[in-house]
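Visitor: I am new to this structure and would be grateful for a short introduction. May we look at it together?

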Amino acid sequence: MEANKRLNGTIALITGGVSGIGRATVELFIQEGASVVVADIDEKGGLQLQEKWSGSCIFKRTDVTLEEDVKELMKFVGKKHGRLDCLFNNAGASGAHGNFEEIETSEFFRTMTLVLGSSFMTIKHAIPLMKPQGCGTIINNASVAGLFAGYAGHAYSTAKGGLIQLTKSAATELAQYGIRVNCICPGGIATPLWGRSFDLLDDALDSSTLGVAKALANAQPIQRSGLPIDVAKAALWLASEDSSFVTGQSIVVDGGATVGKSWKEFNKAVKSIAIKSMPKTELIKAVLGIKRGR
Ligand SMILES: NC(=O)c1ccc[n+]([C@@H]2O[C@H](COP(=O)([O-])OP(=O)(O)OC[C@H]3O[C@@H](n4cnc5c(N)ncnc54)[C@H](O)[C@@H]3O)[C@@H](O)[C@H]2O)c1
């Protein structure tokens with residue numbers, strides 16, 4: 001054990017750990033000294049990951065939308081390690097797309113179960129492992145779509161908003177047992193999630209992340225796409241003792257996407273109105289209109 005590693009000797013459980021943000025977090029946590037259980041529906045990818053990190057990573061096939069699978073998973077973690085220091089609820093997908101009239105109600109609820117309900121179930125069934133320890137950290141992977149409308153579909157955004165609230169609610173109950181609960185709200189991160197939403201598979205899916213990275217490069221003040229490691233580093237901080245006085249919080253990792261327009265951009269819009277020599281009251285109304293319409 002190396003003393004300078006931030007998760008030395010800890011046991012972490014990461015759902016959706018085979019791909020994208022989950023995978024980057026699995027690998028970073030292992031490098032920081034954790035033993036990681038990866039729970040995912042992708043059996044082939046999970047076994048490859050287990051082989052790559054043999055001795056530090058165990059894969060357990062789990063569909064997080066099924067409570068029986070979640071119960072089995074926690075039993076597995078208990079048997080294998082006897083404790084659980086960090087649970088990262090990360091498994092997810094973009095889910096039902098389209099306008100209200102186009103979304104099947106059953107699809108809406110499927111998305112709610114995957115993006116929100118699954119975290120309720122993993123938290124519920126992880127508590128019996130964490131409570132007797134008197135410590136633990138739970139991290140939910142939410143989204144900027146849970147904070148503001150317009151970043152994703154109705155079902156996904158609603159579920160992520162619920163996940164942010166679930167985080168706060170759980171934090172208030174679990175602090176007395178030494179369990180901290182926080183969430184991360186990523187912005188646009190170049191992962192296969194985007195390609196999956198267009199039903200891409202295999203090589204097309206793998207190469208899609210490059211296109212996504214290019215497409216997202218100018219979508220936020222920091223002029224590059226978000227990368228899985230950006231979120232993994234926030235998860236590492238939340239999982240470590242460095243954040244020991246932090247609970248119930250949403251950490252936004254979005255390159256500034258949600259902070260608003262730059263003053264320069266706003267000023268340009270104001271000037272273009274002023275040039276038209278509006279009467280003063282009309283100008284004020286127009287400026288306020290811009291602010292509201294943002
Ligand atoms: N990529 C982004 O721009 C972005 C932005 C904000 C939030 N997020 C969130 O980050 C999380 C990870 O997404 P990603 O971008 O790394 O996507 P990804 O598609 O690369 O990875 C998702 C992983 O979840 C697994 N998974 C899906 N359904 C599952 C189920 N029912 N049970 C178990 N595992 C399941 C997949 O097999 C995959 O390994 C998601 O919760 C997503 O909503 C992503």
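**Domains, a helix and a ligand**

Guide: In this predicted model, the centres of domain 1 and domain 2, taken over C-alpha atoms, are separated by 40 Å.

Visitor: Which residues does the domain assignment give to domain 2?

Guide: The assignment divides the chain into domain 1 and domain 2. Domain 1 covers 11–260. Domain 2 covers 261–294.

Visitor: On which side or sides of α3 do Val70, Leu73, Met74 and Val77 lie?

Guide: Helix α3 spans residues 67–81, and Val70, Leu73, Met74 and Val77 in α3 are buried. They cover an arc of only 95° around the axis, which means that they lie on the same side of α3.

Visitor: Which residues are exposed on the other side of α3?

Guide: The buried residues of α3 pack against β1 (11–15), β2 (35–40), β3 (57–61) and α4 (105–130). On the other side of α3, the exposed residues are Glu68 and Lys79.

Visitor: Which residue follows α3?

Guide: Helix α3 has 15 residues and reaches 21 Å from its first C-alpha to its last, close to the 21 Å expected at 1.5 Å a residue. The residue after α3 has a positive phi, near 75°, and is Gly82.

Visitor: Which element supplies the largest share of the shell around the ligand?

Guide: The ligand is surrounded by 28 residues, and Gly16, Gly20, Gly92, Thr191 and Leu193 are the closest. At least two residues of the shell come from each of α1 (20–31) and α6 (193–196). The largest share, three residues, is supplied by α1.

Terms used: Residues are numbered from 1 along each chain as its sequence is written. This is a predicted model: local features need pLDDT of at least 70, side-chain atom pairs count only at pLDDT 80 or more; totals for chains, interfaces and linings use all residues. Helices (H or I, at least four residues) and strands (E, at least two) are DSSP runs, numbered from the N terminus. The expected span of a helix is 1.5 Å times one less than its number of residues. A residue is buried if 20 or more other C-beta atoms lie within 10 Å of its own, exposed if 12 or fewer, and partly exposed in between; C-beta atoms are placed from the backbone. The arc is that of the directions from the helix axis to the C-beta atoms. Two residues are in contact if their C-beta atoms, placed from the backbone, lie within 7 Å. Domain bounds come from an automatic or database domain assignment. A residue is near a molecule or strand if its C-beta atom, placed from the backbone, lies within 6 Å of it.
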